[in-house]
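Work through the exercises below with the structure open beside you. Try each task before reading its solution.

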Amino acid sequence: MKTDVVIIGGGPSGLLLSQLLNRAGVETVVLERSPRERVLSRIRAGVLEAGTVEMLQKAGAGERMLREGHPHEGCIFSDGDLMVRIDFGALTGKTVMVYGQTEVTADLYAAQDAMGATILHEVAEVAIRDADSDAPFVEFTHDGARKRIDCAYVAGCDGFHGVSRRTIPESVRREYERVYPFGWLGLLSRTPPAHDELIYANSANGFALASMRNPMLSRYYVQVPLSDRVEDWSDDRFWERLKSCLPGEVAETLVTGPSIEKSIAPLRSFVSEPLRWGRLFLVGDAAHIVPPTGAKGLNLAVSDVFYLHQALIDAVRHGETAGIDSYSERALRRIWKAMRFSWSMTMMVHRFDGEDSFAAEMRRATLLHLSQSETARRDLAENYIGLPF
Ligand code: APR
Ligand code: PHB
């Protein structure tokens, strides 16, 4: 087989890149390890930056998001009963869109199907060959046969555990990592949200987040030790902990119910540089991981696609390589700013085991400052809604 760009990974970044390239007349083949149902069954965050909303519309995959998504003008940070509202609208003139990543991925599959895109599922043993030459190719096993695709470029959109990053020689890679000593226990329930905006709660019992998917589907998280397992947490124990972290007036009216999904996610900050090696480009989780505190995971993947899609169109269609030559540097500049924001948010609202009373007072003072300084709120708002591309 032969194509312009082989895309490894059929998650949101691979699909969005493929959709934007196909709309510009660039051919792609997407290779996805899992069956489509499994890709669509992953429960992930659901806050979209203004730039992500625009990119999905540009890809022709934004119609349902605009119809069913919920624009949010603000969010809340709480410390005990102190509630600080960050008014994105007043501070930046922009909003975020609350719309699940699962829905985004489903919309991108529908858009790709409508274009007759080539997406192969349940591929195995993907190997990227000669990426440091002018004639890369990809080998993989599909339908029991070993196959090969020749291409001009390869996009590694295969997440943290994919093959693409590991294809870049260790001698070339520089990796940066911060692992946080706690995880997020998430619970999904068919109950009305605790509040009409997200609440990031800092408390003596640690961090909690009250989020939602729609008026009858809520998503909550509480901070747990990494050693905890989901089985350790009954629904009742979860609701009790959540209530102890939320402001009293919110906890009083919280509607609880049976969980329909419960899972623990570790928190980590990770960056692998460079994002390019010859004709191979890394995108999204294949190159970087953010803790979910800043809701930047999906948005950062879309940011990479913003820089790479135009660069590949210019290279494939017009032989112009300025875009691909500067992709890594341009994308990393925005990645590191989002890394900083996600790290500072994580430090601001989580309790660290063994921390001293000074640390707790620093978090309290940070939130107090947020409540008293419009400048501090504007800084947070600008980062939360998404810095310019
Ligand atoms: N071959 C083919 N496909 C692979 C391989 C492989 N060797 N390894 C992984 N994949 C597939 C996975 O099955 C997954 O569907 O690559 C896809 C990667 O998708 P994501 O992990 O969702 O990564 P990305 O598209 O970059 O999206 C980033 O996802 O994890 C969230 O918080 C993260 O929101 C962020 C977003
Ligand atoms: C979610 O809705 O799952 C969510 C929202 C915001 C975050 C993280 C997760 O920061």
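Four exercises follow, all on a predicted model.

**Exercise 1. The open sheet**

Task: In what order do the strands of the open sheet of 6 strands lie, and which are the edge strands?

Solution:
- Step 1. Recall that strands of a sheet pair through backbone hydrogen bonds, either parallel or antiparallel.
- Step 2. Read across the sheet. The order is β8-β2-β1-β12-β19-β18. The pairing is mixed.
- Step 3. Look at the two ends of that order. The edge strands are β8 (118–121) and β18 (276–277). Each of them pairs on one side only.
- Step 4. Zoom in on β18. Its partner is β19 (residues 280–282), joined to β18 by 2 bridges. These two strands run antiparallel.
- Step 5. Find one bridge. Trp277 has Leu280 of β19 as its bridge partner.

**Exercise 2. A hairpin**

Task: Which residue in the hairpin of β5 and β6 takes a positive phi?

Solution:
- Step 1. Locate the strands. β5 covers residues 74–79, and β6 covers residues 82–87.
- Step 2. Check their pairing. The two strands are antiparallel and share 6 bridges.
- Step 3. Go to the turn end. Asp79 stands opposite Leu82 in β6. The hairpin has 2 residues between the strands.
- Step 4. Read the angle. Gly80 takes a positive phi near 65 degrees.

**Exercise 3. A charged residue in a strand**

Task: Is Glu261 buried or exposed, and which side chains does its own side chain meet in polar contacts?

Solution:
- Step 1. Place the residue. Glu261 is found in strand β17, which spans residues 259–273.
- Step 2. Apply the cut-off. Buried means under 20% relative accessible area. Glu261 has 18%, so Glu261 is buried.
- Step 3. List the polar contacts. The side chain of Glu261 joins that of Arg219 at 2.7 Å. It joins the side chain of Ser263 at 2.8 Å.
- Step 4. Add the wider surroundings. Leaving out residues up to four places away in sequence, Glu261 touches Ile43, Gly186, Leu187, Leu188 and Arg219.

**Exercise 4. A cavity**

Task: How many cavities of 30 Å³ or more are there, and which residues line the largest cavity?

Solution:
- Step 1. Think about the method. Rolling a probe the size of a water molecule over the atoms shows where empty space is left.
- Step 2. Count. There is 1 cavity of 30 Å³ or more.
- Step 3. Give its volume. The largest cavity holds about 40 Å³.
- Step 4. Name the lining. Glu49, Lys296, Arg334, Ala338, Asn383, Gly386 and Leu387 line the largest cavity.
- Step 5. Sort by class. The lining has 2 nonpolar, 2 polar and 3 charged residues.

Notes
Residues numbered from 1 in each chain as written. Chains lettered and ligands numbered in written order. Predicted model: local features only at pLDDT ≥ 70, side-chain atom pairs only at ≥ 80, totals over all residues. Heavy atoms only, no water. 1 Å grid on protein atoms, 1.4 Å probe; cavity = no way out; pocket = protein on both sides within 12 Å on 5 of 7 lines; lining within 4 Å. Points joined across faces, edges and corners; volume = space filled by probe spheres on them. Nonpolar A, V, L, I, M, F, W, Y, C, P; charged D, E, K, R; others polar. Pairing = 2+ DSSP bridges. Helix = DSSP H or I, 4+ residues; strand = E, 2+ residues; numbered from the N terminus. Buried < 20%, exposed > 50% of the residue type's maximum accessible area, 1.4 Å probe, protein only. Polar contact = N/O pair within 3.5 Å; in protein donor to acceptor, adjacent residues only side chain to side chain. Contact = heavy atoms within 4.5 Å.
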